[in-house]
Amino acid sequence: MRLLIVEDNVALADELTADLQRAGYAVDWLADGRDALYQGASEPYDLILLDLGLPGKSGLEILREWRATGMNRPVLILTARDHWAERIDGLKAGADDYLTKPFHPEELQLRIQALLRRAHGQVNQPQLDVAGLQLDEAHQTVIKQGEQIELTAAEFSLLRYFMLHCGKIISKSQLNDHLYDGESERDSNVIEVHVNHLRSKLGKSAIETKRGQGYRFIGIDSP
């Protein structure tokens, strides 16, 4: 999953980027509101972390403009402001959640997980539980028929994306857009290697290849 951090505090942005990358996310960072307005709407981010006090254009202005143009991806506001009226303004502008600084990294990650699950129809679930598999995001493992299976960082990121899009045909281009940040070199052959590794751990039938289209994750049959 690919995230955008819009935050002008460089130290905080570096810390958030490192934490979220360890959690298996591809992360881009912007510090200026004017840049964020364009890039947040034009790049295929799965979720955006948005500070309110930004140079160039405020977070509330950016959010209002995004929503006015129909951009509906989840936005989580991060701000040092703690006045109830500003929370209400953020939610009215279209924020999906609101977290006041300082916050614990684990709380942020849990909120991100919940928003991503909600955006893909996994409402009120404590973890991703799809097609016979349970994904443990804290330990980056998957449980298959009661057995815990270890995953590499790349396998975990790929499987999380597949599970959030279960049953849908996903192209290699789409996977590249959502599994790598804007600075990473992208290679569709690497995706194929990771898909084959997942098949070896979950079963060959877990991921179908749709010739000329991409892949479709269908999970495993119940025992």
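Let's start at a hairpin, the one made by strand 7 and strand 8, with four residues between them. Look at Gln-140 in that turn: its phi is positive, at about 55 degrees. Please keep in mind that this is a predicted model, and that every value I mention is computed from it.

So how many bridges hold strand 7 and strand 8 together? There are four, and the pairing is antiparallel, with strand 7 covering residues 133-136 and strand 8 covering residues 141-144. You can follow two of the partners on the screen. Asp-136 is bridged to Thr-141 in strand 8. Gln-134, in turn, has Ile-143 of strand 8 as its bridge partner. For anyone new to this, strands of a sheet pair through backbone hydrogen bonds, and they can do so in parallel or antiparallel fashion.

Now let's move one strand along. Strand 8 also runs antiparallel to strand 9, again joined by four bridges. Here Val-142 finds its bridge partner in Ile-149 of strand 9. These two strands make a hairpin as well, with two residues between the strands. Which residue takes a positive phi in this hairpin? That is Gln-145, with a value near 50 degrees.

Let's zoom out to the sheet these strands belong to. Four strands form an open sheet in the order 6-7-8-9, with antiparallel pairing. At the edges sit strand 6, residues 128-130, and strand 9, residues 147-150, and each of them pairs on one side only. If you compare neighbouring strands of this sheet, they are turned by 25 degrees against each other on average, ignoring direction.

What lies across this sheet's strands? Rotate the view and you will find helix 6, residues 153-164, lying across strand 6, strand 7, strand 8 and strand 9. Helix 6 runs at about 130 degrees to strand 7.

Finally, the whole chain. It contains eight helices and twelve strands. The radius of gyration is 18 Å, and the globule rule gives 17 Å for 223 residues; those values are close, so the chain is as compact as a globular protein of that length. Along the principal axes, the C-alpha atoms fill a box of roughly 50 × 35 × 30 Å.

And what share of the 223 residues counts as buried? The figure is 48%. Of the contacts with a separation of 6 or more, 56% come from residues 24 or more positions apart. On the outside, the chain exposes about 10800 Å², and carbon and sulfur atoms supply 47% of that area.

Conventions
Residues numbered from 1 in each chain as written. Predicted model: local features only at pLDDT ≥ 70, side-chain atom pairs only at ≥ 80, totals over all residues. Heavy atoms only, no water. Pairing = 2+ DSSP bridges. Axes fitted to C-alpha atoms, helices over the stretch in contact; angles between N-to-C directions. Contact = heavy atoms within 4.5 Å. Rg over C-alpha atoms; globule rule 2.2 N^0.38 Å. Buried < 20%, exposed > 50% of the residue type's maximum accessible area, 1.4 Å probe, protein only. Areas by Shrake-Rupley, 256 points an atom, 1.4 Å probe, with all protein chains shown as cover.
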